[in-house]
Amino acid sequence: MEFQSKKYSFQKEEFEVYIQPKYNLHTKKIIGGEALVRWQHPKKGLLSPDDFIPMFEKNGDILLLDAYVWEKTCQYIAEWKQKKYPLVPISVNLSRSDFGNKNIGTCLEELMKKYQLDHSVLELEVTESIYEKDSGFVYHELEQLQDFGFRILMDNLGSGHSSFHMLKEAPTDALKLDLKFLRGSDQKHRADKILAAMMYMARLIGMPVIAEGVETKEQIELLKEIRCDLAQGYYFSRPIPAEEFIKLLLLQEEGEDMIGWRCDEKQYCSYVRSKGRKPDQKGTILLVDKAGISRELLHTLFKDTCTLVSTADTEEAEAIITENDKTIDLILIDVSFIKENLIDRWRKKLGSANIPVVAMTQSDDVSQAIFALQSGAVDYIAKPFIPEIVTSRVHYLLETSAKMKKIARERKNYRYRASLDQMTQLYNKVTMEKLTNELLRDCSSQKHALLMFDVDNFKEINDTGGHLVGDETIRQVSTFLMTNFRHEDLIGRIGGDEFAVLMKGVQSRQQVCEKAERMIQEMKNGILGDLDRKVTLSIGIVLYEGEENTYEDLMKKADHALYEAKLTGKSKWVCYNKEKEEHDYEN
């Protein structure tokens, strides 16, 4: 077949850009399209690519044709954008000859700027055979296109001589699986198995897959079975004119929201299942596993929804737990790392029995799963991973963990509020007794001091000023005490106008008595200036120096010293002296 006026044909726009939709198999909704050229020949009618592309490739005019298709596609997308029509990514094809053009990246980038388009709406398809030849040069060119922001789709995968090396090294963002792979084979069962393995391998490396050339219901069922979610082919639609393609998108927009694969600004497709749980906030996962493909896959699966902290050493994991006990929400651990009592020990360090631990086992070893559950794991996931199962289980457990943490916080807050005096927010009498006894038990080798305070003439304050003045006096005395003692000291209100302070780890009797004297003088000088009258305090002091005393024993001695302080004229302090069986008094 001869083509005498190719440039003239471009000027007359005899070449038409058709678009074949790409569908989600589950929702049957359009998630993209591929731009394909047709020639409306003035004498021979509408010609398919097979009738003229080979000739164009031989004579070099394929460059002209490709550039025409690229620009025409950008014109369509820009028009739809201007009319605020729904947009999905449209892919255009690059031929082998395009890679001899050093300006390919610049040319495409200029089109994006000319039509003010985002790179996410135009994708580039490169056939598998182009990857095979001059791979070094081709890979460099494709990486440059990726640097510009274009997504690269490896086209016709399975129609040539694909290799693991190619899949490992090739710059590509998605794979197009050619179902011609299934045709003309006497070993259909084997072909189906290989196809399933290819899909599984693509999921492991986090690579979206589009099946192209889908023509039969049988192929659809096979693709669903191997969990290939995207498809393109005559079963759904032939390539159609651009105006018909946009009509389909407009009709689709009037229906229900799409669930499945959707366009995304940062990646080709994001899998958004209606059952796929994603926590409102990022959770933190401690991953204990050897470096390798499983670990890399987990990082890929959760990079947008979780913070992963990884280690291949249980001692390092324990150090991480110690340093981050309040932030870890879930532990993923390979079953080979689980030893006796390991999980229980980690949960104690985390301060919660509700932190979910999920073991990673080998798929063909049920004994590993049983061992993990018996060792304290709440669930297990089998290697090699099925991404949808892993993400669903982990997100569910993260949600559960977050809810349990919230309940624990609420209980803790409730217990904390119950431990406080409602008026002053100091510890109440019961809490003071509990915490003091715990301190005496745990720190019996240290010196401590218990000071008991009483507001002088408080009944008179209440009777003359009323209960509001009395309450305000109590609150201001509470504030005075909190500003005069350290954060680690225990301060409580143990009665109407009585307070107790346990000073931890004091140096000497003199230190405590001097502090009491300063406080007495400050009160005499009217430090509580907001009140209409001066308020003074009397203080009884007892020192704990390692004896087997309880809170009750100390309180009896402090109360006795306080009584002596009041007998000697109030606004004084008295320190109980066990050795002399007498008291040290304020001079």
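Colleague: Which residue in strand 2 is the bridge partner of isoleucine 19?
Modeller: Ground rules first: this is a predicted model, so to speak of local features takes pLDDT of at least 70, side-chain atom pairs count only at pLDDT 80 or more, and totals for chains, interfaces and linings use all residues. Residues are numbered from 1 along each chain as its sequence is written, and side-chain values use heavy atoms, with hydrogens and water left out. Strands (E, at least two residues) and helices (H or I, at least four) are DSSP runs numbered from the N terminus. On that footing, the strand 2 partner of isoleucine 19 is alanine 35.

Colleague: How many bridges join strand 1 to strand 2?
Modeller: Strands count as paired if DSSP finds at least two bridges between them. Strand 1 and strand 2 form a hairpin with five residues between them, and lysine 28 in the turn has a positive phi of about 60°. Strand 1 covers residues 15-24 and runs antiparallel to strand 2, and the bridges joining them number nine.

Colleague: Which residue in strand 4 stands opposite glycine 33?
Modeller: Strand 4 is residues 90-94, and it pairs with strand 2 in the parallel sense over two bridges. Opposite glycine 33, strand 4 has isoleucine 90.

Colleague: And in strand 3, what is the bridge partner of glutamine 40?
Modeller: A hairpin takes strand 2 into strand 3 through three residues. Strand 3 (residues 45-47) pairs with strand 2 in the antiparallel sense over three bridges. The partner of glutamine 40 there is leucine 46.

Colleague: How many of the 12 residues in strand 2 are buried?
Modeller: Buried is under 20% relative accessible area, exposed is over 50% and partly exposed is in between, using a 1.4 Å probe and protein chains only. For the chain of 587 residues, the buried share is 48%. Strand 2 (residues 30-41) is mostly covered, with a buried count of 11.

Colleague: Which helix gives the most to the largest nonpolar core?
Modeller: A nonpolar core is a set of buried Ala, Val, Leu, Ile, Met, Phe, Trp, Tyr and Cys residues joined through side-chain atoms within 4.5 Å. The largest one has 72 residues, of which Leu94, Tyr131, Leu223 and Phe245 touch the most other members. Ten of the core residues come from the top contributor, residues 62-82, which is helix 3.

Colleague: How many residues are in the other core, the one with Leu451 and Phe458?
Modeller: That core lies apart from the largest one, and Leu528 and Ile541 are also among its members. Its residue count is 31.

Colleague: What is the angle between helix 3 and helix 4?
Modeller: Axes are lines fitted to C-alpha atoms, for helices over the stretch in contact, and angles run from 0 to 180 degrees between N-to-C directions. Helix 4 is residues 104-114, and its axis is 10 Å from that of helix 3, the packing angle being about 20°.

Colleague: Is helix 12 roughly parallel or roughly antiparallel to helix 13?
Modeller: Angles under 35 degrees count as roughly parallel, over 145 as roughly antiparallel, 65 to 115 as roughly perpendicular, and the rest as oblique. Helix 12 (residues 314-323) and helix 13 (residues 342-350) pack at about 25°, with axes 9 Å apart. Contacts (heavy atoms within 4.5 Å) link residues including Ile321 of helix 12 and Trp346 of helix 13. The two helices are therefore roughly parallel.
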